[in-house]
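Here are some worked exercises to try with the model open beside you. Have a go at each task before reading its solution.

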Amino acid sequence: MEPIEWNPNFSVGVPSMDRQHLTIVTLINELIGSPDLEADTDALHLALDQLTRYSEDHFLAEEALLEGTGYPELLRQKEEHREFRRRIALLCHDTALGKPGGLNRLLTFLKDWWTHHILVEDMRYRPYFENQELSP
Ligand SMILES: [Fe+2]
């Protein structure tokens, strides 16, 4: 599987969010670049745990930022984040059970979801911060 290729189009115009998104992309790429991980259950669980914890911290930071600046589409963001939590929990569960193809489905989901989320959903707040010059 090809890694996510970070490029300037991923910038949502808020440096703190860009840094966190880059960390998430890096963690996903590390998983994609570790083909032996499926056989090393402990290392796999550790990596998935790290990624889901970091994602959760990021969601809370992003929601707090958007809430604090009165962003009008906060609920849409929160709903997206909820959907991620729901789906990642199911996929991690399948992977932990050792279901065939589980890790591949999980990595495909992570890659597709985060690429779409940053480029489409998070990008919706870029003009909001540009217009208000609220960017922290
Ligand atoms: Fe988001």
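**Exercise 1: the core**

In this predicted model, the largest nonpolar core has 15 residues, and those touching the most other members are Val-12, Ile-28, Leu-106, Leu-110, Trp-114 and Tyr-125. Task: find which helices each supply at least two residues of this core, and where its largest share comes from.

Solution. Start with the helices: H1 and H4 each contribute at least two residues to the core. Next, look at the shares: H4 gives the largest one, five residues. As background, nonpolar side chains in soluble globular proteins tend to be buried together. To finish, pick Tyr-125 and leave out residues up to four places away in sequence; its contacts are then Val-12, Leu-66 and Tyr-71.

**Exercise 2: the faces of H1**

Task: work out which residues of H1 are buried, which are exposed on the other side, and what covers the buried ones.

Solution. First, check the geometry of H1, residues 15-32: at 1.5 Å a residue its 18 residues should span 26 Å, and the end C-alpha atoms lie 25 Å apart, which agrees. Second, list the buried positions: Met-17, His-21, Val-25, Ile-28 and Leu-31. Third, look down the axis of H1: these buried residues fall within an arc of 115°, so they line one face of the helix. The spacing makes sense, because an α-helix has 3.6 residues a turn and residues three or four places apart point the same way. Fourth, turn to the other side of H1, where Pro-15, Arg-19 and Thr-26 are exposed. Finally, the cover over the buried residues of H1 includes H2 (41-68) and H4 (102-121).

**Exercise 3: the length and cover of H2**

Task: compare the reach of H2 with the expected value, then find its buried residues.

Solution. H2 has 28 residues and runs 40 Å from first to last C-alpha, close to the 40 Å expected at 1.5 Å a residue. Its buried residues are Leu-44, Leu-48, Ser-55, Glu-62 and Leu-66. H1 and H3 are among the elements that cover them. After H2 comes Gly-70, with a positive phi near 70°.

**Exercise 4: packing of H3 and H4**

Task: decide how H3 and H4 are oriented, parallel or antiparallel.

Solution. Take the angle first: H3 (residues 74-96) and H4 pack at about 170°, and their axes are 9 Å apart. An angle over 145 degrees counts as roughly antiparallel, so H3 and H4 are roughly antiparallel to each other. Then look at the residues that meet: the H3 side includes Phe-84 and Leu-91, while the H4 side includes Leu-106 and Trp-113.

Technical notes
Residues are numbered from 1 along each chain as its sequence is written. This is a predicted model: local features need pLDDT of at least 70, side-chain atom pairs count only at pLDDT 80 or more; totals for chains, interfaces and linings use all residues. Helices (H or I, at least four residues) and strands (E, at least two) are DSSP runs, numbered from the N terminus. The expected span of a helix is 1.5 Å times one less than its number of residues. A residue is buried if 20 or more other C-beta atoms lie within 10 Å of its own, exposed if 12 or fewer, and partly exposed in between; C-beta atoms are placed from the backbone. The arc is that of the directions from the helix axis to the C-beta atoms. Two residues are in contact if their C-beta atoms, placed from the backbone, lie within 7 Å. A nonpolar core is a set of buried Ala, Val, Leu, Ile, Met, Phe, Trp, Tyr and Cys residues joined through C-beta atoms within 7 Å. Axes are lines fitted to C-alpha atoms, for helices over the stretch in contact, and angles run from 0 to 180 degrees between N-to-C directions. Angles under 35 degrees count as roughly parallel, over 145 as roughly antiparallel, 65 to 115 as roughly perpendicular and the rest as oblique.
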